[in-house]
Amino acid sequence: MIEVSSKIENHKFVLYDLEKKLKPIGYEIGGNWDYDHGSFDYKISNENGYQFFRVPFTAVDGELEQKGVVVQIGTPFVLTHKYQEHVDNVSEPYNAVLNQFSEPVEHDAEVPQSSVDMAKRLNTELEEVLLS
């Protein structure tokens, strides 16, 4: 994981408004959200794992599932998740059905320089979209 310093850190937004601005430019709400925190993820690449530019946020007024919840942006970062290969073992077909969603082999694998560079460009775009 490599943090990317950003002008959006600590800014507060209504989550719904944030979604309306970020989804059209390629961001999705990450699957790791909870009642009080979550993140927007931009998938950069799937080169030797999956590289994401992640923009974390924390609820500061309400809970995430509530209409009008206000969130505060944390420090964005780029990360690589390296997943198990060949999860669907042909010799054990039932195992493939039960274990189709594998856990990452490395949650914090090495991030390629090309992904770091892309994350910096994405951060600049993000600042323009959210602070203009």
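A residue counts as buried when its relative accessible area is under 20%. By that cut-off, 39% of the 132 residues of this protein are buried. The model is predicted. It holds three helices and eight strands, and the points below cover its fold, its largest nonpolar core, its largest pocket and one residue of helix 3, methionine 118.

**Fold and surface**

- Read from the N terminus, the order of elements is β-β-α-β-β-β-β-β-α-β-α.
- Of the contacts between residues at least 6 apart in sequence, 58% link residues that are at least 24 apart.
- The exposed surface of the protein comes to about 8300 Å², and 48% of that area is supplied by carbon and sulfur atoms.

**Largest nonpolar core**

- In soluble globular proteins, nonpolar side chains tend to be buried together.
- The largest nonpolar core in this model has 25 residues.
- The members that touch the most other members are Leu15, Leu18, Tyr27, Phe40, Phe53, Val55 and Leu126.
- Two helices and three strands each supply at least two residues of this core: helix 1 (15–22), helix 3 (113–131), strand 4 (37–45), strand 5 (50–61) and strand 6 (70–73).
- Helix 3 gives the most, with five residues.

**Largest pocket**

- The largest pocket encloses about 270 Å³ of space.
- Its lining is made of 13 residues, and those closest to the pocket centre are Gly30, Gly31, Asp41, Phe52 and Arg54.
- Strand 3 (28–29), strand 4, strand 5 and strand 7 (77–83) are the elements that each give two or more residues to this lining.
- Strand 4 accounts for the largest share of the lining, three residues.
- Sorted by class, the lining residues are four nonpolar, five polar and four charged.
- Strand 4 and strand 5 thus appear in two lists, as suppliers of the nonpolar core and of the pocket lining.

**Methionine 118**

- Methionine 118 belongs to helix 3, the element that gives the most residues to the largest nonpolar core.
- The relative accessible area of methionine 118 is 23%. Because buried requires a value under 20%, methionine 118 is classed as partly exposed.
- Methionine 118 and phenylalanine 52 are 66 residues apart along the chain, and their C-alpha atoms are separated by 9.9 Å.
- Phe52 is also one of the residues closest to the centre of the largest pocket.

How values were computed: Residues are numbered from 1 along each chain as its sequence is written. This is a predicted model: local features need pLDDT of at least 70, side-chain atom pairs count only at pLDDT 80 or more; totals for chains, interfaces and linings use all residues. Side-chain values use heavy atoms; hydrogens and water are left out. A nonpolar core is a set of buried Ala, Val, Leu, Ile, Met, Phe, Trp, Tyr and Cys residues joined through side-chain atoms within 4.5 Å. Buried means under 20% relative accessible area, exposed over 50%, partly exposed in between (1.4 Å probe, protein chains only). Helices (H or I, at least four residues) and strands (E, at least two) are DSSP runs, numbered from the N terminus. On a 1 Å grid over the protein atoms alone, a cavity is a set of points where a 1.4 Å probe fits but cannot get out, and a pocket is an open set with protein on both sides within 12 Å along at least five of seven lines; lining residues have an atom within 4 Å of a point. Grid points are joined across faces, edges and corners, and a volume is the space filled by probe spheres set on the points. Ala, Val, Leu, Ile, Met, Phe, Trp, Tyr, Cys and Pro count as nonpolar, Asp, Glu, Lys and Arg as charged, and the others, Gly among them, as polar. Contact means heavy atoms within 4.5 Å. Accessible areas come from the Shrake-Rupley method with a 1.4 Å probe; for residues, only the protein chains shown count as cover.
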